[in-house]
Amino acid sequence: KALAEMHSELEAARSEGEKAAAETKALAALEVAEAKREASEAIKKASEEAEERVRAEVAKAESKAAAETKALADLEVAEARREASEAIKKASEEAEERVRAEVAKAESKAKDDMAKALAEMHRKLEAARSE
């Protein structure tokens, strides 16, 4: 009778142990699933944050490149204007020099023509006087 009762208690204890083990296993499986879900969410969040940082860095780099390109274009325009201004100034100086040379040449020719005309008049006067 005592053995049967002990056997019955052992069976009950084994059944409770198996039940407790099954509950522990189920609880552990739930905890593992929860940990996986949390890890997945953390990975997703970190990925989104990294993607946002990359987008921000790309936008910043694009903005910087655009600003540098504009600054470079502004420098090139300023250089082109300076070169054009120098070319205009040089062309103007050369044209002025040509005009001065032409005026000097015309003045010299006019003086020569006048001197010839005066000499011719003087010769005619002398010829008229001697007659």
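Glu 86 comes out as partly exposed, at a relative accessible area of 45%. Its partner in a salt bridge is Arg 82, which is likewise partly exposed at 37%. The closest N and O atoms of this pair sit 2.4 Å apart in the model, which is a predicted one. As for the spacing along the chain, Glu 86 and Arg 82 are four residues apart in helix α1 (residues 2–130), so about one helical turn separates them.

That pair is one of 13 salt bridges in the structure. In general terms, side chains of opposite charge can pair when their charged atoms come close.

A bit further along, Glu 96 teams up with Arg 100, with 3.3 Å between the closest N and O atoms. Here too the two residues belong to helix α1 and are four residues apart, about one turn of the helix. Glu 96 has a relative accessibility of 44% and counts as partly exposed; Arg 100, at 46%, gets that label as well.

Then there is the bridge between Arg 129 and Glu 126, where the N to O distance is 3.1 Å. Both residues are again in helix α1, but the spacing is three residues, still about one turn of the helix. Arg 129 reaches 64% relative accessibility and counts as exposed, since the cut-off for that class is over 50%. Glu 126, at 35%, is partly exposed.

Finally, salt bridges can also join up: Glu 34, Arg 37 and Glu 41 are linked in a network of them.

Technical notes
Residues are numbered from 1 along each chain as its sequence is written. This is a predicted model: local features need pLDDT of at least 70, side-chain atom pairs count only at pLDDT 80 or more; totals for chains, interfaces and linings use all residues. Side-chain values use heavy atoms; hydrogens and water are left out. A salt bridge is a side-chain nitrogen of Lys or Arg within 4 Å of a carboxyl oxygen of Asp or Glu. Buried means under 20% relative accessible area, exposed over 50%, partly exposed in between (1.4 Å probe, protein chains only).
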